[in-house]
Amino acid sequence: MPIKTDYDKAAKVLMNAERVLLTTHLRPDGDGCGCMRALMEHLTSAGKTVHPLALSPLASWYAELFDGPVPVLGNDVRPDDLRRVYGDCDLMVIVDTNSLVQLPGLEAFIAHSRTAGRPKIFVIDHHITGDHLGDVELVEPAAAAAGEIVYDLFKTAGWDITSRIAEAIFVALSTDTGWFKYGNADSRIFQTAAELVSIGVHPNEMYRRLYQSFSPARLALMTRMLDHLTLHADGRIATQYILRRDFDETGASGPDTENLIDECQRISTVEVAALLVELSDGRFRCSLRSKGDVDVRAIAQAYGGGGHTLAAGVTMDGPLEAAMERLVADIRRQMTEIRI
């Protein structure tokens, strides 16, 4: 757990930087985007030049956090051009991950920075798994969201939390706790949320922006996913999948899959859920969720993924049926071992 001296060191690193490259993991979620926006707002107001970079397109409800389009690696900037475009940055900030596998396209840039010592790397993360990418790190697995660490950094450093910064941090906290309904929503997260509300956040407005602004295409994609729902182990395990043709036929895109896995968890018997989404290269991105007893992080780690005990993810080779069988077998095995 970071102590005050760690936060002081992190604040000094940020304030000493003049040009900052700011990014988060592939498929940016609310925690990653909220942290990026909060830090970007403060650093810009402090006179720093900040370059946000996304590793895949942002969902529309997160893109609204930013004043303009965030460049996407592979679309707006090629990986081979990173050193040319961002070579003059003296600091790279990575939020909500410390794992190279979640930063595809940045491997060579990060390797060069670690060898050359520039840009210095600063990591803010709350996951147990990680590759220790940072020269300076604030890593706290006990935190419900990386946004909680960002909030503590602001408070420790004595930085002003404006209404825009408060909204960005609130997005980080609320999305990574499933609007404060997941098991990681402890008293600390509610206290932090209350303080943000006192600054000027309106939860009803935030909920509408985050959860009531989806497109008809997303609803159509969710319908396809539910059509592919299968229950195993007397209804204790739920599997779902989305194929490339489902995207093509509904007009939905990758960001529209966010949180769709939660739908089958409404079933009372379901203890573990898995959603497999077909990627353009034929592999499958697998999201795993547990209601408490099964450690889905351990299952994801076995295939090179990671995450949290109750929420994890991994990319697996096809075909679909084989990947699904492996996951169900692993979940069954863990259920048997812990006798639930």
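**Figure 1. Close-up of C286 and C264, two buried cysteines in the predicted model.** In this predicted model, C286 is buried, with a relative accessible area of 1%, and C264 is likewise buried, with a relative accessible area of 2%. The cysteine sulfur closest to that of C286 belongs to C264 and lies 11 Å away, which is too far for a bond; taken from the other side, the sulfur of C264 has its closest cysteine sulfur in C286, again at 11 Å and too far for a bond. A disulfide is a covalent bond between the sulfur atoms of two cysteines, and the cut-off applied here asks for a pair of cysteine sulfur atoms within 2.5 Å. The structure accordingly holds 0 disulfides.

**Figure 2. Close-up of D246 and the residues around its side chain.** D246 is found in helix α11, which covers residues 244-250, and at 2% relative accessibility D246 counts as buried. The side chain of D246 makes a polar contact with the side chain of R224, at 3.0 Å, while a polar atom of the D246 side chain also lies 2.8 Å from the backbone nitrogen of L243. When the neighbours of D246 within four places in sequence are left aside, the residues in contact with D246 are L221, R224 and H228, so that R224 appears both in this contact list and as the partner in the side-chain polar contact.

**Figure 3. Close-up of the cis peptide bonds that precede P119 and P319.** Most peptide bonds are trans, but a cis peptide bond joins R118 and P119, with omega at about -5°. P119 is found in the loop between helix α5 (107-116) and strand β4 (120-125). A further cis peptide bond joins G318 and P319, where omega is about 0°, and P319 is found in the loop between strand β11 (311-316) and helix α13 (320-337).

**Figure 4. Close-up of R27 and F180, two residues other than glycine with positive phi.** Most residues other than glycine have a negative phi, whereas R27 has a positive value, near 55°. R27 has its place in the loop between strand β1 (19-24) and helix α2 (30-45), and at 34% relative accessibility R27 counts as partly exposed. Phi of F180 is also positive, near 65°, and F180 is found in the loop between helices α7 (163-176) and α8 (187-199). Is F180 buried or exposed in this loop? At 16% relative accessibility, F180 counts as buried.

**Figure 5. The whole chain, shown as the setting for the close-up views.** The chain contains 13 helices and 11 strands. Its radius of gyration is 20 Å, close to the 20 Å that the globule rule gives for 340 residues, and the chain is therefore as compact as a globular protein of that length. Taken along the principal axes, the C-alpha atoms fill a box of roughly 55 × 45 × 40 Å. Buried residues make up 52% of the 340 residues, and, among contacts between residues at least 6 apart in sequence, 66% join residues at least 24 apart. The accessible surface of the chain comes to about 14900 Å², of which 49% belongs to carbon and sulfur atoms.

Terms used: Residues are numbered from 1 along each chain as its sequence is written. This is a predicted model: local features need pLDDT of at least 70, side-chain atom pairs count only at pLDDT 80 or more; totals for chains, interfaces and linings use all residues. Side-chain values use heavy atoms; hydrogens and water are left out. Buried means under 20% relative accessible area, exposed over 50%, partly exposed in between (1.4 Å probe, protein chains only). Helices (H or I, at least four residues) and strands (E, at least two) are DSSP runs, numbered from the N terminus. A polar contact is a pair of N or O atoms within 3.5 Å; within protein, one must be able to donate a hydrogen and the other to accept it, and residues adjacent in sequence count only if both atoms are side-chain atoms. Contact means heavy atoms within 4.5 Å. The radius of gyration is taken over C-alpha atoms; the globule rule is 2.2 Å times the number of residues to the power 0.38. Accessible areas come from the Shrake-Rupley method with a 1.4 Å probe; for residues, only the protein chains shown count as cover.
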